[in-house]
Amino acid sequence: MTELPTNHNAIEVVDFRKVYGSTLAAAGISFSLPAGTVGALVGPNGAGKTTTIRALCGIIRPTSGMLRVAGLDVQTEPLKVKQVVAYVPDDPPLFETLTVWEHLRFIASAYEVEDYQQRGAELLTQLNLDSKRNALASELSRGMRQKVAIACAYLHNPAVLFFDEPLSGLDPAAIRLLKRTMVERAERGATVLVSSHLLALVEDICRHLIVLRHGKCLFSGTVELARESYAESGSLEDVFFRVTEEEDVG
Ligand code: ADP
């Protein structure tokens, strides 16, 4: 994993704009996320969460603005960025004719992971996928497909992990497991950005909160700061509604 100095921002987004035809998906978004942190990127449907994550991974080009991941400029060093990040989309595209284990082998060869056999086996056990090791992707349930994508993401020890709505297809045991592994990764120095509209589900693992709406960043800071600023004793959901309501009034 790429070593980052402590107190370093693993993710920096400055005035990010993305225009699709006549749709302004990102209207000048700025935020940062310190290394070794689990951050939540929250907001209603259409807020710009997926657009922001895809731009941070170098999958789409920004219309303007600056995006840095693990100290690398996504626009000028896209290949290096791809080497140090993992992206788990909400509906992961798998190779339908490859087995679960063949997916891990493919990722290992793409990222030159030498000791993948042991780590791959451990990940399958951890994710309760042992019995599906030789199953084709086309034979897996939605939750299992997500778990395969998660195993692939973890296999190459990325410095920065992006999860787009990762909890939606998972059962409660898998959700608990995923949350635990995200925290473990962060404790070992990785940075995790999770997008979700299910606020309560990220409440207990995220130290940092970024709230988007209509392509704008309404709040970026620690969860404690969000609570202090917007809700006396409420849940993250209360904070979220307070932030977005304020924007309506303004
Ligand atoms: P979120 O992930 O918060 O639900 P998105 O980033 O997916 O939001 O979408 C933000 C806005 O950009 C929406 O209005 C959406 O319809 C639009 N959008 C996203 N992707 C595309 C695309 N490929 N082409 C055109 N419009 C898009």
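In this predicted model, Leu33 touches Asn9, Ala10, Ile11, Gly39, Thr191, Val192, Leu193 and His208, leaving aside residues up to four places away in sequence. One of these partners, Ile11, sits 22 residues from Leu33 along the sequence, yet the two C-alpha atoms are just 5.1 Å apart in space. Leu33 itself belongs to strand E2. Its relative accessibility comes out at 0%, so Leu33 counts as buried, the cut-off being under 20%.

Strand E2 (23-34) also turns up at the ligand: along with helix H1 (49-56), strand E2 is one of the elements giving two or more residues to the shell. Helix H1 gives the most, with three residues. Going through the shell by name, the residues around the ligand are Tyr20, Thr23 and Ala25, then Pro44, Asn45, Gly46, Ala47, Gly48, Lys49, Thr50 and Thr51. Sorted by class, that makes four nonpolar residues, six polar ones and one charged one.

Some of these residues come with polar distances to ligand oxygens. For Gly46, a polar backbone atom is 2.7 Å from an oxygen atom of the ligand. The backbone of Gly48 offers a polar atom too, at 3.0 Å from a ligand oxygen. With Lys49 it is the side chain that takes part, a polar atom of which lies 2.9 Å from an oxygen atom of the ligand. Overall, the protein covers 58% of the 560 Å² of accessible area that the ligand has on its own.

Backbone geometry throws up a couple of oddities. Most residues other than glycine have a negative phi. Asp15, however, is not a glycine and still has a positive phi of about 50 degrees. Asp15 lies in strand E1 (residues 9-20), and with a relative accessible area of 43% it is partly exposed. Asn128 is another non-glycine residue with a positive phi, here of about 60 degrees. Asn128 is found in the loop between helix H4 (116-126) and helix H5 (142-155). Its relative accessibility is 64%, over the 50% cut-off, so Asn128 counts as exposed.

As for how far to trust all this, the chain averages a pLDDT of 90, and 92% of the residues score at least 70. Confidence is highest in strand E4 (residues 64-69), at 98, and lowest in helix H9 (residues 236-249), where the mean is 68. Where pLDDT is low, the predicted coordinates should not be read in detail.

How values were computed: Residues numbered from 1 in each chain as written. Predicted model: local features only at pLDDT ≥ 70, side-chain atom pairs only at ≥ 80, totals over all residues. Heavy atoms only, no water. Near = heavy atom within 4 Å. Polar contact = N/O pair within 3.5 Å; in protein donor to acceptor, adjacent residues only side chain to side chain. Areas by Shrake-Rupley, 256 points an atom, 1.4 Å probe, with all protein chains shown as cover. Helix = DSSP H or I, 4+ residues; strand = E, 2+ residues; numbered from the N terminus. Nonpolar A, V, L, I, M, F, W, Y, C, P; charged D, E, K, R; others polar. Buried < 20%, exposed > 50% of the residue type's maximum accessible area, 1.4 Å probe, protein only. Contact = heavy atoms within 4.5 Å. pLDDT = per-residue confidence, 0-100.
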